[in-house]
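Here's a quick tour of this model, starting from one histidine and working outwards. Have the 3D view open as you read.

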Amino acid sequence: MIAKHPFYSESATQDTLAKKPPDTIMYLHFDQLSPSQRYFTMTQSILPRPIAWVLSDNGDGSHNLAPFSYFNAVCSDPPLIMLSIGHKPDGSRKDTLVNIREREHFVVHIPHSKQAAQVTESSRTLEHGVSELDSLDMALTEFEGFNLPRLAECRLAFACQRYQIQELGNGPQFLVLGEIKQLYASDDVATVNDSGRLTLDANAIDPLARLGSSEYGTLGKVIDVPRPK
């Protein structure tokens, strides 16, 4: 059995890892790590991760806004996305989970790089019913055909309905499956060709990606590699 790296000892600091000899190979056994150490390792190694900036209904006329980077597409028929939602520091359930469980509809936005500070601010832990939008200079606008608004400055937004919620692990963690009902794409990121096929411009979308710790990533250079026939 390989011993734990000193980075994961009680007295270790972030500098410990930086001092590791360049020719040392590190193997981390997840059954030897605490849940917080596993989370820290996973969020630094599974990257980049897309960010779901989720707007939900607090039930009193206000809206909750929170980012989640355990997020992706999981099915096309029906069109499903997934969010993995943990709990607040005090162990209570996060407002997004409560709102989706109780009122089923929510909107997933794809934030762009200039919204990094606002995404971070919206991750702040607040009392249930206190809207993050009260402290953010962000406008809401109608999501045509849906019963919730969307963030006016986001270039992509998915109108979603709760499909299923599953409890996972010992935390617990909750896997939220949402069915996409509509997609909003701003005019400056979407084109339709002569055959009616939609194309979304990744550079114009400029999606913000989550890395480890407090770091974010941007798209950088886009490469096009044709698939084999």
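Let's begin with His-112, which sits in the loop between strand E6 (105–110) and helix H4. Keep in mind that this is a predicted model. Is His-112 buried or exposed? With a relative accessibility of 8%, His-112 is buried, because the cut-off for that label is under 20%. If you skip the neighbours within four places in sequence, the contacts of His-112 are Glu-153, Arg-155, Ile-205, Asp-206, Pro-207 and Leu-208.

One of those partners, Asp-206, deserves its own look. Asp-206 is found in the loop between helix H5 (202–205) and strand E13 (209–210). Its phi is near 50°, a positive value in a residue that isn't glycine. Asp-206 also counts as buried, since its relative accessibility is 17% and buried means under 20%.

Glu-104 has a positive phi too, about 60°, and again it is not a glycine. You'll find Glu-104 in the loop between H3 and E6. Glu-104 is partly exposed, because its relative accessible area is 26%, and that label covers values between 20% and 50%.

Next, the backbone has a couple of cis peptide bonds to check, both leading into a proline. Here they are side by side:

| Peptide bond | Omega | Where the proline lies |
|---|---|---|
| Leu-47 to Pro-48, cis | near -5° | loop between H2 and strand E1 (49–50) |
| Asp-77 to Pro-78, cis | near 5° | loop between E4 and E5 |

Now for the pockets. The largest pocket has a volume of about 1,300 Å³. Its lining is made up of 44 residues, and those nearest the centre are Tyr-39, Gly-86, His-87, Lys-94 and Gln-173. Two or more lining residues each come from helix H2 (35–45), strand E3 (63–68), strand E5 (79–85), helix H3 (95–103) and helix H4 (116–121). Which element gives the largest share? That's H2, with seven residues. Sorted by class, this lining holds 18 nonpolar, 18 polar and eight charged residues.

The second largest pocket has about 260 Å³ of space. Among the residues lining it are Pro-50, Phe-71, Asn-72, Cys-75, Leu-80, Phe-158 and Ile-180. Strand E4 (71–76), E5 and strand E9 (156–168) each put in at least two lining residues, and E4 contributes the most, with four. How many of the lining residues are charged here? There are no charged residues in this lining, which has 11 nonpolar and one polar.

Stepping back to the whole protein chain, the secondary structure adds up to five helices and 14 strands. The chain has 229 residues, and 37% of them count as buried. Looking at contacts with a separation of 6 or more, 59% are between residues 24 or more positions apart. The accessible surface is about 13,900 Å², with 51% of that belonging to carbon and sulfur atoms.

If you want a short list of spots to click through, try buried His-112 in its loop, the loop residues Glu-104 and Asp-206, and the bonds into Pro-48 and Pro-78.

Note on methods: Residues numbered from 1 in each chain as written. Predicted model: local features only at pLDDT ≥ 70, side-chain atom pairs only at ≥ 80, totals over all residues. Heavy atoms only, no water. 1 Å grid on protein atoms, 1.4 Å probe; cavity = no way out; pocket = protein on both sides within 12 Å on 5 of 7 lines; lining within 4 Å. Points joined across faces, edges and corners; volume = space filled by probe spheres on them. Nonpolar A, V, L, I, M, F, W, Y, C, P; charged D, E, K, R; others polar. Buried < 20%, exposed > 50% of the residue type's maximum accessible area, 1.4 Å probe, protein only. Contact = heavy atoms within 4.5 Å. Areas by Shrake-Rupley, 256 points an atom, 1.4 Å probe, with all protein chains shown as cover.
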